[in-house]
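Trainee: Could you take me through one part of this model in detail? I'd like to look at the open sheet and what sits along it.

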Amino acid sequence: GTPDEVQKATLTVKVEPGPVSKVAVETAQFTIAAGETRQLKVVAADKYDNPVTGVQVAGNLTWILSDENAGSVTQTGMFTAGEVAASYNDVVTVSVKQGDIVYTDTASIVIEPGSLEQVVLAPDPAEIGMGMAQQFVAVGADRYGNRIAGLDFEWSAEAEAGAIDTNGLFTAGDSPG
């Protein structure tokens, strides 16, 4: 071409991540219902936190749970939550060995109550005199007895027994029984 013509070229640059310099549990903190199961995963990254894919860690990793109350974890990373709702900081540790180097990371777990499976009414039984009042309370829980907050209860009583208000305050009628 002539000296006045502009020449153009296209260049594609692909930046690859560096070598593995750390591993992490995919979710550093997670919430799970009591008794539920979740597959934990490990991600590898270079020193700039770029994910390194294709790293074979399956035979070289170890899962450890530091508090058996939190549940259990298999060597394939299958976590089953314990039965008691609670928070567990840095309770799961994964170690990955590559050559002579071992990388580790931890995860924290919050175990929440599962779905509503029982309602407990107290006092039970209640013995009161005719025309007297008794405050009742109700609590909802999951199958393991973990109390579930934020439930709304609707109170009712047989008309022959007496009346109960929206807060669970029962006033006995004037017929014994």
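Mentor: Here is a walk through the sheet, with one strand pair up close and a short stop at a loop afterwards.

This is a predicted model, so to speak of local features we need pLDDT of at least 70, and side-chain atom pairs count only at pLDDT 80 or more, while totals for chains, interfaces and linings use all residues. Numbering starts from 1 along each chain as its sequence is written, and side-chain values use heavy atoms, with hydrogens and water left out.

The open sheet has four strands in the order 2-9-8-5, with mixed pairing. Strands here are DSSP runs (E, at least two residues), numbered from the N terminus, and two of them pair if DSSP finds at least two bridges between them. Strand 2 (29–33) and strand 5 (61–65) are at the edges with a single partner strand each, so one side of each has no neighbour in the sheet. From one strand to the next, the twist averages 30°; for that, axes are lines fitted to C-alpha atoms, and angles run from 0 to 180 degrees between N-to-C directions.

Now zoom in on strand 5. Strand 5 runs antiparallel to strand 8 (residues 86–98), and five bridges join them. Ile64 lies in strand 5 and stands opposite Thr93 in strand 8. Counting contact as heavy atoms within 4.5 Å, and skipping residues up to four places away in sequence, Ile64 touches Val73, Val91, Val92 and Thr93. Take Val92: 28 residues separate Ile64 and Val92 in sequence, yet their C-alpha atoms are 5.8 Å apart. Ile64 counts as partly exposed, because its relative accessibility is 45%; buried would mean under 20%, exposed over 50%, with partly exposed in between (1.4 Å probe, protein chains only).

Strand 8 also holds Asp90. Phi of Asp90 is near 45°, a positive value in a residue other than glycine. Asp90 is partly exposed too, at 46% relative accessibility.

Most residues other than glycine have a negative phi, and most peptide bonds are trans. On the peptide side, look at the loop between strand 10 (118–122) and strand 11 (133–135), where Pro123 lies. The bond from Ala122 to Pro123 is cis, with omega near -5°. Pro125 is in the loop between strand 10 and strand 11 as well, and the bond from Asp124 to Pro125 is cis, with omega near 5°.
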